[in-house]
Amino acid sequence: MTAPSSPSQAPSQISQDAEMPQSPSISFPPTPPDTAKPSRINSYHDLQDVGPFEIPRRYPLPPKCQPKDVLPEDLKTPDNHVQRDSRLIRLTGVHPFNVEAPLSELYDEGFITSEDLHYVRNHGAVPVCEDDDMLDWTFTVEGLVHKPIAMTVRDLLHDYDQVTYPVTLVCAGNRRKEQNMVRKTKGFSWGAAGLSTALWTGVPLHRLLAAARPKRGARFVCFEGADKLPNGYYGTSVKLNWCMDPNKGLMVAHTMNGEKLHPDHGKPVRIVVPGQIGGRSVKWLKRIIITPEPSDNWYHIFDNRVLPTMVSPEASADLPDVWQDERYAIYDLNINSAICYPGHDETVPLTGGQATYTARGYAYSGGGRRVTRVEVTLDKGKTWRLATIHYPEDEYRKAPDGETLFGGTVDMWWRETSFCWCFWQLDIPLDDIRQADDIMIRAMDESMMAQPRDMYWSVLGMMNNPWFRVTIHKEGHKLRFEHPTQPALMPGGWMERVKKAGGNLANGFWGEKVSGEIEEVAEQAPEKEICMTNSKIDRLITAMELKKHDGEVEPWFVVNGQVYDGTAFLEGHPGGAASIFGAAGQDATEEFLAIHSENAKAMMPDYHIGMLDETSRAALNSGEEEADEEDRATFLQAKTWSKAILDRKQDISPDTKIFSFKLNHEDQQIGLPTGQHLMIRLRDPATREAIIRAYTPYSNGTQRGRLDVLIKIYYDAPGRPGGRMTQSLNALPLGHFVEFKGPVGKFKYHGRGVCSVAGKTRRVRRFVMVCGGSGITPIRQVLCAVMADVDDPTHCLVLDGNRGEGDILCKDELDEIAMKNPTRCKLIFSLTRPPSGWTGITGQMNKALYEKEVGSPKPSDEGEELALVCGPGPMEKGVKEIFLGMGWKEDNLIFF
């Protein structure tokens, strides 16, 4: 691999004499002369239509953009109107769009980043603003001001003088994947390319605020965008005195690199906050609100914070005061740097007589502070070498008085603040590199703040800035270099390699074994590969054929591009036929792999009927259907995921909570038949991997406006990992959304002794309900339905086994039901660790107990006896064995 000697240039990388990079000589985009100003009244495009003002430019200009189109993966998302560059690396799956460029390509573009490769951080769908509507887009300046202002983009262009200057925007999550390798945070995995630089044109914010005249007591400026999200519109705030300081450079921008804003970057107007994290630069601007206090927007409080390192993802869910503590809010960027060349997996030959290698990369700092030094070490910090720094931003300070660029004055000569990345380079003798194990860098700014040696891990994984380390491998007659990570789910990097080998990345020595450390190499057990296809099947199936089987007759579904016919398993599926019907005609890969066992996967060849052709596979994978209109009467949908907001958690016991979700409107019914369950989906914030589990809600299925789910949380314990779903849900802050789908399940209670099992109607005179722990939830649902109807003749025997009395969930409610229905309901509790004075059953529920309380089923014209069972696997296995031994038929044993 050959690396360029500096951004935008590509001479030989290994050289005796490396020169500092010069600004590239390129044809710059059209710049309107001063006389074009009045034309801005009539058309936004007049800014682009004026011929070029041909004068020499000493500063860098934007690279040309490549042709773009709507990408196939965006066609079925709300962003199907946005054209994008396919080189960008998606960090959060298909949608929302969060991307960074390959690090080498970002560096190679030079000081100014094209819109094609500029990083994007979107929390949801991109708002639509057609070109013809741009000038009429309105936003307000309101709040604690003497003169509130409502203005259009046309007003912004016509009534105020424009400025143009370069600003580097950086996501607070830049380099987060390094933290996720040490310990998973609540954020997805940015690599080292979560930053970009553009030329922004607009109006200095202090001029708009001066026109509005803030009142005494005003201290903060809040911004709100048009992007509607699950927790409201995106918004944040910064301090008023920063906004009023021209040296801070805050801007209301309408142009990027001489073009109208790209939809991903805030079309038609946005805030640009230089020197601070990208999350403060609100896109699609709608409101500027002056307030006495910081923003109370959900995204201001629960995002862009560095909480103390001892706060775990689990603990953070129950610390609202900590989240609201402004001391932990991030504003200014910290000092940071990265090595771009040598690149990841780049190789350099040791033969050929070359004497040096020119290492290169970027550095930046925050708050307008200039990067003053970059140092390189080849011996883990024992000695350092000083790199040369190039500051392209300074070239703009030399622009002549009154010079305009893209309709704005390049007015920077007076400003001392530095708001852009700089480039460093150092010629290193190849012999020195060959003798080293790694190359590391650190930067320092004018406040003498230097990058730390070690990582400061925090729950959101933000502001990661330890020394950037690239390892060196000697392979024959060449050297190979390895970066710490690769972004998103891309494999590679020395951190992944060290972790797989059992190294401790948090030991202070980059996971390397040190003297006195016990060597514990955790060998990675190879994953058992299970063949899910029939090798004799070679049929190609089209999307049109698949669509014909999206109902309850011969339901077909897709897993990993292979097509399966679920007809033969409708009766035998543990989750009932509804589970298969819900997947019919769809790609069920994510759900199937997340919840099915190896045994289930091994059965798949029996149902394999073919493979989707490539065109159909691409079409099916290009997007995921979303639930239809939010004002629908029923919340749960069988084929699509629906979002609900978590707005309350209620402690039931030390390890059990009721999670309460707000539905789309107060009159919306859950839509879950008694005895059935729903699927809950969360995504791992670091890997974006789906976590899907089935639960029976605490709410009854006809409840409106709210959905309550009782869940026992399985915490991590020494030598035993806890539950991924339960811990992730517990760590979720209030106001966050969770996805639901359903109903599923083969059992359904219709009332007054009538139920259906796998679609067949059954008449029941007695339910024997056996449960343990949180297995009470489906049992409770059926029990409540039976006892709520005074005319329901069905009898219920409940046997509930637990360890201690505190582990009995819903005990007071169950006791009250039994007390009110003494002839129809009998309740038996059994404890393995009973307290003193316990009067119930002691010990595990065993054969003697079942024979005494349940016995053999007795034939009756009044109906059958059905056993409903839900609990830990060993308990369910024991119940099945004992009940079959007592003469029960397997068809009469229902396991939830």
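Okay, so let's start with the hairpin. Strand β36, residues 747-751, pairs with strand β37, residues 754-757, in the antiparallel sense, and there are four bridges between them. This is a predicted model, by the way, so keep that in mind for everything I show you. If you want a spot to look at, go to G751, whose bridge partner in β37 is V754. The hairpin has two residues between the strands, and R752 there takes a positive phi near 50°.

Let me zoom out for a second. The protein comes to 22 helices and 43 strands. There are 896 residues in the protein, and buried ones make up 56% of them. And how are the contacts spread along the sequence? If you take contacts between residues at least 6 apart, 73% join residues at least 24 apart.

Right, on to the sheets. As a reminder, strands of a sheet pair through backbone hydrogen bonds, either parallel or antiparallel. One open sheet has five strands in the order β5-β4-β13-β8-β9, and its pairing is mixed. At the edges you find β5, 149-152, and β9, 232-239, each pairing on one side only. From one strand to the next, the twist averages 20°.

Inside that sheet, look at β8, residues 220-229, and β13, residues 285-291: these two are antiparallel and share six bridges. F220 is a handy marker, because you'll see it opposite T291 in β13. Now, which helix lies across this sheet's strands? That's α5, residues 205-212, which lies across β4 (138-143), β5, β8 and β13. Relative to β5, α5 runs at about 135°.

The other sheet I picked is also open, with four strands in the order β14-β16-β22-β19, and here the pairing is antiparallel. The edges are β14, 336-341, and β19, 388-390; each has a single partner strand, so one side of each is left without a neighbour in the sheet. The twist in this one averages 30° from one strand to the next. For β19, the antiparallel partner is β22, residues 422-429, joined to β19 by three bridges. You can find the pairing by eye if you put T388 opposite Q425 in β22.

Okay, helices. Two packed helices are described by the angle between their axes and the distance between the axes. So take α19, residues 776-788, and α20, residues 811-820: their axes come within 11 Å and cross at roughly 30°. With the cut-off for roughly parallel set at under 35 degrees, α19 and α20 therefore count as roughly parallel to each other. The crossing of α19 past α20 is left-handed. Who makes the contact? On α19 it's I776, R780, L783, C784 and M787, and on α20 it's E813, L814 and I817. By type, that contact divides into six nonpolar residues, two charged and no polar.

One more helix, and that's α18, residues 724-731. Six of its eight residues are buried, so α18 is largely enclosed by the rest of the structure. The buried ones are M725, T726, Q727, L729, N730 and A731.

Last stop, a histidine. H262 sits in the loop between β11 (259-260) and β12 (270-272). Buried or exposed, then, for H262? Its relative accessibility is 9%, and the cut-off for buried is under 20%, so H262 counts as buried. Leaving out residues up to four places away in sequence, H262 touches K68, V82, Q83, E115 and K267. That's my tour, thanks.

Notes
Residues are numbered from 1 along each chain as its sequence is written. This is a predicted model: local features need pLDDT of at least 70, side-chain atom pairs count only at pLDDT 80 or more; totals for chains, interfaces and linings use all residues. Side-chain values use heavy atoms; hydrogens and water are left out. Axes are lines fitted to C-alpha atoms, for helices over the stretch in contact, and angles run from 0 to 180 degrees between N-to-C directions. Angles under 35 degrees count as roughly parallel, over 145 as roughly antiparallel, 65 to 115 as roughly perpendicular and the rest as oblique. A crossing is left-handed if the near helix is turned anticlockwise from the far one by less than a right angle, and right-handed if clockwise. Contact means heavy atoms within 4.5 Å. Ala, Val, Leu, Ile, Met, Phe, Trp, Tyr, Cys and Pro count as nonpolar, Asp, Glu, Lys and Arg as charged, and the others, Gly among them, as polar. Buried means under 20% relative accessible area, exposed over 50%, partly exposed in between (1.4 Å probe, protein chains only).
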